[in-house]
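Dear colleague,

I am handing over the structure below, together with some notes on what turned up in it. Please have it open while you read on.

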Amino acid sequence: QGLLVESGGGLVQAGDSLRLSCAVSGITFNEYSMAWFRQAPGKEREFVATISRGDSSTNYADSVKGRFIISRDNAKNTVNLQMNSLKPEDTAVYYCAAGALALPVPNYPYWGQGTQVTVSS
């Protein structure tokens, strides 16, 4: 049974940076692609970024491309999301997810509990 635990959220001002981390246990980490999604109040969960197993290729939502960087550390079983130049519209609960394929849709078997990111203007 996979266990994913996010950390690093908080309250920041527009233009600041934050680094989210997701610690993974209970599954063979390097056999899974990882993803970050986010959900703002009253909105559906949306794709942020994925990083594949194997070659660690990455994919980003247009809204975060050039500002966010997803990375993984297979030795530490963690996936990170470096968020730069944050905007108020980035405010959401951020979730990490694990699955066999790096899909930009929330069709993943394993999810974390989420971490709140709030960006003030």
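**Strand 7 and the aromatic residues**

In this predicted model, strand 7 (residues 68–73) has a covered face made up of F68, I70 and R72, while I69, S71 and D73 are on its uncovered face. Strand 7 runs antiparallel to strand 8 (residues 78–83), to which 6 bridges join it, and S71 of the one strand stands opposite N80 of the other. The hairpin that these two strands form has 4 residues between the strands, and N77 takes a positive phi near 55 degrees there. R72, on the covered face, has its charged end over the ring of F29, 4.4 Å from the ring centre.

Turning to the rings, the structure holds 6 aromatic pairs. One of these is the edge-to-face pair of Y95 and W111, with 6.5 Å from centre to centre and 80 degrees between the planes. Because Y95 lies in strand 9 (residues 92–99) and W111 in strand 10 (residues 110–111), this pair ties together parts that are 16 residues apart in sequence. Y95 is buried, with a relative accessible area of 13%, whereas W111 is partly exposed, at 25%. W111 also forms an edge-to-face pair with Y108, at 6.2 Å centre to centre and 80 degrees between the planes, and Y108 is buried, with a relative accessible area of 6%.

Y95, Y108 and W111 belong to one aromatic cluster together with F37 and F47. The ring of Y95, finally, has the charged end of R45 sitting over it, 3.8 Å from the ring centre.

With best wishes

Definitions and conventions: Residues are numbered from 1 along each chain as its sequence is written. This is a predicted model: local features need pLDDT of at least 70, side-chain atom pairs count only at pLDDT 80 or more; totals for chains, interfaces and linings use all residues. Side-chain values use heavy atoms; hydrogens and water are left out. Buried means under 20% relative accessible area, exposed over 50%, partly exposed in between (1.4 Å probe, protein chains only). Two strands pair if DSSP finds at least two bridges between them. Rings of Phe, Tyr and Trp (its six-membered ring) pair if their centres lie within 6.5 Å; planes under 30 degrees apart count as stacked, over 60 as edge-to-face and the rest as tilted. A charge sits over a ring if NZ of Lys or CZ of Arg is within 6 Å of the ring centre and within 35 degrees of the ring normal.
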